[in-house]
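Hi everyone, thanks for coming. I'll walk you through one structure today, so take a moment to look at the sequence and the 3D view before I start.

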Amino acid sequence: MSATCSALSIGISGTKWGVSEIKRWRMTRVKQRSYYEDVVPKIEALRKKCENIFEVVQYGELPLIVDDDEDAATCEGKSPFPLFAIRSRNWSKDKPNVLITGGVHGYETSGVMGALLFAESGKAEYYSKYFNIFVAPCISPWGYERVQRWNANAVDPNRSFNPDGEIVEGRSFNPEAATGESTALIQFLKGDNMKQLMGDNSMDNWICHIDLHETTDTDETEFRPAKSARDGIVWTEESKGEIPDGFYLVQDTTSPKSGWFAAMIDSVKKVTHIAPADSEGKLIGEEISQEGVIGIPNNKHLGLCAGVTNAPYRATTEVYPDSPKATPEQCNEAQVACIAGGLDYIISEEKIIAATME
C-alpha cells in the first residue's frame, strides 16, 4: 500500500489544493522502502570497486520533511537525503560527455536500478574509454522511498527543470514549479566543479543525455487521478488512458536523430518487447514517429529532465514493469541495453576513438 488514503479524497473535488491539502497528501504517503538501504550501499560499493575509473560525488542534498511525531522519531539522527552521482575520475576534455539520469520519478524502480546496473555491470567502465560519464541514479529519494511520482511537495520533478516554461492549455506535458531535486542537479552541472572539467559552457558540452523512466499501471490508477485532484480537475473513469505493454522511447522533435533511436530500440529488443501502437495508432495518446518512439515538443520548454542540457542526442526511456512478459531484472537490463545501443551508435556515427587507458 503506497498511501493511507486516495488523493481523490483530499480537498474539495474541482478545487485546487492549497498548503493543507498538500500536507495531508504527503502525510498519507507510506514509506515502503529505504534509499539508505537500497541505493546508497550500491553507490558506496561502486566507490570502492571502481575507484580507479570512477569517483562518487555528492552533488546536493534534500531536507527531510517532518510533519508529525512519527516522522520525527523515524528521522531522528539522520541527515538530509544526500544526492550522489558516479562520475569518470580521469575526466578528459578530449572525450565527449555523457549524462545518465535515473529516479527522477522515484517510483520508477528500473530507472534507479538500471542506472546503477549500468555502473555495476562493467558497461560504464567499457564506455569510459570513449566518453566522460556522469550517472545520477536516484534524483528523487523521497519519491523512491514512498513509491511516488511527485516529490514531497506534490510537484512532478520531471516537469520542474524549466519552471519558467510556457504552460499550454490542453497539452499533455507542461512545466511545473522548480523542485529541490531539479535545482540540485542543475546547480551542480552549471557550477564551478563541472566548469573546471568541461569549460564555462558546461550545459552545452554534452553529446548525450539518456533519462531512465517507466510507465506503470499506477500512472492511470493513482498518479493521473492525483494530478487532477491537485489541479482542481474532476476525475472520471472515462479520463483513464491506455498503458502501453512494452518498452518505448520519448523523442525530442527538435533533435529527432531517427537512426539513434532505431539503434536503441534494436538493442532493447534483445532483452524485452517493444510497445505496439494502440487502437488509434498512438502510445500514451501521442503520435508515433518511428517504431517504439513517440515525439514530443522541445524537452527543455516542457521542463523535462531530458532537456536539462543541450545534448544533441537526448531521450527518455519508458519501461513497462507491470507487463506479464517482463521481469524486474529484464526491466533493469532493458535500461542498460538502451544506453549501450545508444552509445554504440554515437561511437560509430561520430567516429569516436577509444582513449588509451593508463
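**A walk through the chain**

Let's begin with the outside: the chain exposes about 15500 Å², and 48% of that comes from carbon and sulfur atoms. Keep in mind that this is a predicted model, and every value I quote is computed from it.

So what is the chain built from? Its secondary structure comes to 13 helices and 10 strands. The radius of gyration is 20 Å, close to the 21 Å that the globule rule gives for 358 residues, so the chain is as compact as a globular protein of that length. If you put a box around the C-alpha atoms along the principal axes, you get roughly 60 × 55 × 40 Å.

How much of the chain is tucked away? Of the 358 residues, 56% count as buried. And here's one about the fold: take the contacts between residues at least 6 apart in sequence, and 78% of them join residues at least 24 apart.

Okay, on to the holes. The largest pocket has a volume of about 1400 Å³. Its lining is made of 48 residues, and R159, S172, F173, R224 and K227 are the ones nearest the centre. What sort of residues line this pocket, by class? There are 21 charged, 15 nonpolar and 12 polar ones.

Which helix or strand gives the most to that lining? That would be α10, with eight residues. If you want to find α10 on your screen, look at residues 218-231; along with β6 (248-252) and β10 (313-318), α10 supplies at least two residues of the lining.

Now for something closed. The structure holds one cavity of 30 Å³ or more, and the space in the largest cavity is about 40 Å³. Lining this cavity are G246, F247, T272, H273, V319, Y320, A326 and C331. Here the classes come out as five nonpolar, three polar and no charged residues, so set that beside the 21 charged residues in the lining of the largest pocket.

Next, let's look at one helix from the inside. Which residues of α8 are buried? They are E181, S182, A184, L185, I186, F188 and L189. As for what lies over them, the cover includes the strands β1 (54-62), β2 (81-88), β3 (97-102) and β4 (132-136), plus the helix α9 (192-198).

Just past α9 there's a loop worth a stop. M203 sits in this loop, between α9 and β5 (208-212). Is M203 buried or exposed? With a relative accessibility of 11%, M203 counts as buried, since the cut-off for buried is under 20%. Leaving out neighbours within four places in sequence, M203 is in contact with L189, K190, V308, T309 and N310. You'll remember L189 as one of the buried residues of α8. M203 also makes a nice distance example: M203 and G241 are 38 residues apart in sequence, and their C-alpha atoms are 35 Å apart in space.

D200 is in the loop between α9 and β5 too, but D200 has a relative accessible area of 64%, so D200 is exposed. From D200 to K190 you go 10 residues along the sequence and 8.3 Å in space, C-alpha to C-alpha.

Over to α13, residues 328-349, which is where N332 is found. N332 counts as buried, at 18% relative accessibility. What does N332 touch, not counting residues up to four places away in sequence? The list is S110, M113, G114 and L117.

Last stop: backbone angles. Most residues other than glycine have a negative phi. Against that background, which residues can I point you to? One is V147, which is not a glycine and still has a positive phi of about 55 degrees. V147 is in the loop between α7 (141-146) and α8 (180-190), and at 22% relative accessibility V147 counts as partly exposed. Another is K257, with a positive phi near 45 degrees. K257 is in the loop between β6 and α11 (258-269), and a relative accessible area of 32% makes K257 partly exposed.

That's my tour. Have a go at finding these spots on your own screen, and then let's chat.

Technical notes: Residues numbered from 1 in each chain as written. Predicted model: local features only at pLDDT ≥ 70, side-chain atom pairs only at ≥ 80, totals over all residues. Heavy atoms only, no water. 1 Å grid on protein atoms, 1.4 Å probe; cavity = no way out; pocket = protein on both sides within 12 Å on 5 of 7 lines; lining within 4 Å. Points joined across faces, edges and corners; volume = space filled by probe spheres on them. Helix = DSSP H or I, 4+ residues; strand = E, 2+ residues; numbered from the N terminus. Nonpolar A, V, L, I, M, F, W, Y, C, P; charged D, E, K, R; others polar. Rg over C-alpha atoms; globule rule 2.2 N^0.38 Å. Buried < 20%, exposed > 50% of the residue type's maximum accessible area, 1.4 Å probe, protein only. Contact = heavy atoms within 4.5 Å. Areas by Shrake-Rupley, 256 points an atom, 1.4 Å probe, with all protein chains shown as cover.
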